[in-house]
Amino acid sequence: MSFWEKIGSFDRRYIFALIALTVIVPLLIPIGMPITTTNEVKSVYDYIDALPPGSAILVALDYDPAALAELYPMSIAMLKHAYTKKIKVIGMTLWITGASLGDVVMREAAQGIAEQDKDYAYLGFVPSGAVAIMRMGQDISAVFNVDYSGKSISQIPVMKGIKNYKDISLVVDLAAGSTPEAWIAYAGTPHHVPIAIGVTAVSAVGYYPYLNAKQIIGLIGGMKGAAEYEKLIQARGRASVGMDSQSMTHIAIILLIIIANVSYFVIRRKNKKEIES
Amino acid sequence: MSEIIGIWIAAGLTLCVFSFLYKDNLFYRFAEHLYVGTSVGYTIAQAWHQTVVKLVWYPIKQEGDYTVLIPAAIGLLMFSRFVPKYRWLIRWPLAFMIGVSAGASIPRSIQSFIFKQMEATIQPLNSINVFIIVLGLLCTLIYFYFSTEHKGAVGVASKVGIFFLMVSFGAAFGYTVMARISLLIGRVYFLFHDWLHIVK
Amino acid sequence: MKLRLPLILCFLCGIFMIVQFFVPPFTGVYDKLLNWVMIISIPALVIGLTSLIKLHSNRIIRKTPNMPYSTVAFVAMIVMALSGLIGGTGQGTWFEWMFKNIQVPMQATMFSLLAFYIASAAYRAFRARTLEATLMLVTAVLVMLARVPIGDFLWQHVMPDSVLQWKANLPEDVAGWILNVPSMAARRGIILGISLGAIATSIKIILGIERSYMGAGE
């Protein structure tokens with residue numbers, strides 16, 4: 001086997017080891033590369049920042065632990081921003097696997113800055129996503145008569161005066177799946193409530209048409225988007241810390257792709273020469 | 001104390017799952033089956049508290065609304081799939097759910113995904129970006145139109161459409177790599193920060 | 001009748017939902033119908049779990065080689081379900097503790113394994129064999145480089161000041177242009193195509209032409 005043939009087919013566990021190194025080393029020895037903010041993320045930040053105290057936003061925490069690394073820092077940053085601006089936050093989820101997670105996330109973000117029931121409420125999970133979104137357009141309490149812990153909605157001070165989307169200044173969908181499309185189609189367009197979305201990087205590319213059509217006011221994509229939001233609220237969190245590792249691992253993968261392609265072309269040229277001779 | 005024990009258990013299970021990267025082993029299989037079991041148990045408990053209690057029990061208890069028992073009974077017909085003789089009864093709850101979903105989606109999809117997207121596309125061609133967007137959209141739609149052979153002008157447009165699609169898929173691949181690496185960074189950060197306290 | 005009546009029900013529900021969009025005064029019936037659908041869909045959450053429970057219980061009963069693992073799964077399921085059903089699912093419960101320290105780390109770690117596999121797959125399979133593949137490769141590399149801090153970092157450290165005065169963050173701008181213009185155009189085409197297909201399928205379902213969801217038989 002020639003050098004290039006060996007390069008093209010070595011044990012994938014060496015690649016695993018390289019990826020592990022490029023993730024671990026920058027965490028232990030940070031480089032501190034500056035993070036640039038994009039317009040998509042800044043739009044969400046600016047919108048929430050401009051809301052007067054006492055406004056209400058609906059946050060749909062539509063994700064499960066599989067998307068934790070990307071959506072957890074995004075959720076914490078955005079919720080902290082809303083809590084410090086004294087904006088009423090109503091949390092809920094359309095994912096049953098996210099029901100407990102939503103409760104944990106809202107409480108962790110609120111530590112020291114917001115009080116449950118007074119500043120925020122977590123309503124829990126509701127099945128049949130699109131139908132629930134439509135029903136909330138008439139009456140949120142018809143979908144959630146009690147909150148996640150079983151307390152009646154009528155006894156929660158933060159829910160006073162909030163009947164449906166007319167009383168909501170912004171819907172933020174932090175999603176690991178395709179729920180943003182349901183929020184856009186069943187809440188945003190018919191009820192004219194502004195929608196902002198935070199999604200995993202896998203699905204972020206598919207939401208740019210909605211951003212261009214102004215069906216969403218902003219888009220926070222992946223861990224990089226979360227890092228941008230952390231920079232905007234001037235609170236360095238998990239996403240910002242991970243950006244150095246993200247950068248170095250991307251460089252490693254790009255180099256691997258280049259080496260693999262060089263090996264492919266060298267072997268192809270060699271085979272072509274052998275056939276011709 | 002329970003928090004410290006919890007973090008050590010979480011770290012141990014994380015390492016059990018990572019051991020699969022070397023090769024399949026009993027630690028990974030143990031962790032995998034433990035995960036399957038807890039997921040099923042979690043769904044059962046949450047389905048009870050978040051749906052049955054909230055949507056059926058509370059309306060009866062707090063508002064005296066017994067009409068919720070009718071959709072509850074229709075929903076229970078889904079379990080008829082386990083009895084071959086009465087399997088056809090599952091069609092009733094499905095007819096409800098799918099009929100409502102299909103009917104609701106038609107006007108809303110047309111409004112949100114067709115009209116709004118077309119409205120955003122039909123702009124004055126006064127910038128190169130708008131021209132590229134219109135060209136890309138038309139060529140992509142022509143590529144997906146398989147009722148006519150992709151020859152001549154249609155063939156050229158279809159080829160241009162493929163180029164736009166390749167750019168989009170390339171961007172998606174780049175973002176997918178970013179997403180997967182982020183998930184790994186999250187777990188490694190947990191091990192080094194939350195468990196070992198090496199990283200600040 | 002076993003098939004016809006459910007099809008008629010599907011038709012009536014579908015037509016009502018379409019008409020209601022244009023003629024709002026049916027609010028009372030609309031609200032009731034949506035509430036009913038939310039309740040009817042509850043069993044769908046757990047019905048998929050029955051096949052998993054059946055699989056593992058069969059392994060335990062038949063004492064297959066995987067029986068010890070299936071026992072672990074079964075015990076975990078019972079403990080988690082009972083702790084939630086009896087002790088509640090809120091803050092400070094055993095259920096939440098097990099969720100945070102067992103389920104969350106394992107689910108997150110399972111998915112984090114994909115990072116290794118995507119790197120390995122990119123190395124083994126991503127080849128610039130054709131012009132289209134090359135275009136996809138170049139775009140992927142540009143986006144991967146520019147959408148993380150290192151893209152702008154390298155640009156700002158390599159380029160002279162005269163170039164930086166013109167474009168300080170060119171990589172980020174290029175990636176932004178790719179996502180907001182050509183990629184967005186293709187995605188819009190995909191959205192339109194999928195939406196038209198979904199609308200056609202929904203119409204076929206309401207009219208009873210598409211019946212696969214009803215299952216086989218009379």
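A residue is called partly exposed when the number of other C-beta atoms within 10 Å of its own falls between the two limits: 20 or more makes a residue buried, and 12 or fewer makes it exposed. Keep that in mind for the close-ups below, which come from a predicted model.

**View 1. Asp117 of chain A sits in a loop with an unusual label to look for: a positive phi.** Find the loop of chain A that runs between α5 and β3 (120–125), and you will find Asp117(A) there. Its phi is about 75°, a positive value, although Asp117(A) is not a glycine. Is Asp117(A) buried, exposed or partly exposed? Asp117(A) has 15 C-beta neighbours inside 10 Å, so it counts as partly exposed.

**View 2. His197 of chain B also has a positive phi.** Here we move to the segment that follows α6 of chain B, where His197(B) lies. Its phi is about 55°, and His197(B) is not a glycine either. Because His197(B) has 8 C-beta neighbours inside 10 Å, it counts as exposed.

**View 3. Chain A meets chain C.** Chain A brings 48 residues to this contact and chain C brings 47 residues. Which elements of chain A take part? Helices α2 (12–28), α4 (68–84), α5 (99–110), α6 (129–136), α10 (208–212) and α12 (238–276) of chain A each give at least two residues to the side that touches chain C. The largest share of that side, 12 residues, belongs to α12(A). Sorted by character, the side of chain A that touches chain C holds 30 nonpolar, 12 polar and 6 charged residues.

**View 4. Chain B meets chain C.** In this contact, 95 residues of chain B face 100 residues of chain C. On the chain B side, at least two residues come from each of α1 (2–18), α2 (26–63), α3 (69–76), α4 (91–121), α5 (128–143) and α6 (152–195). Which helix gives the largest share of the side of chain B that touches chain C? That is α2(B), with 24 residues. The side of chain B that touches chain C is made up of 64 nonpolar, 27 polar and 4 charged residues.

**View 5. Chain A is assigned domain 1 and domain 2.** Domain 1 of chain A joins two stretches, 3–30 and 247–276, while domain 2 covers 39–236. How many Å separate the centres of domain 1 and domain 2 of chain A? Taken over C-alpha atoms, the centres are 41 Å apart.

Notes: Residues are numbered from 1 along each chain as its sequence is written. Chains are lettered from A and ligands numbered from 1 in the order in which they are written. This is a predicted model: local features need pLDDT of at least 70, side-chain atom pairs count only at pLDDT 80 or more; totals for chains, interfaces and linings use all residues. Two residues are in contact if their C-beta atoms, placed from the backbone, lie within 7 Å. Helices (H or I, at least four residues) and strands (E, at least two) are DSSP runs, numbered from the N terminus. Ala, Val, Leu, Ile, Met, Phe, Trp, Tyr, Cys and Pro count as nonpolar, Asp, Glu, Lys and Arg as charged, and the others, Gly among them, as polar. Domain bounds come from an automatic or database domain assignment.
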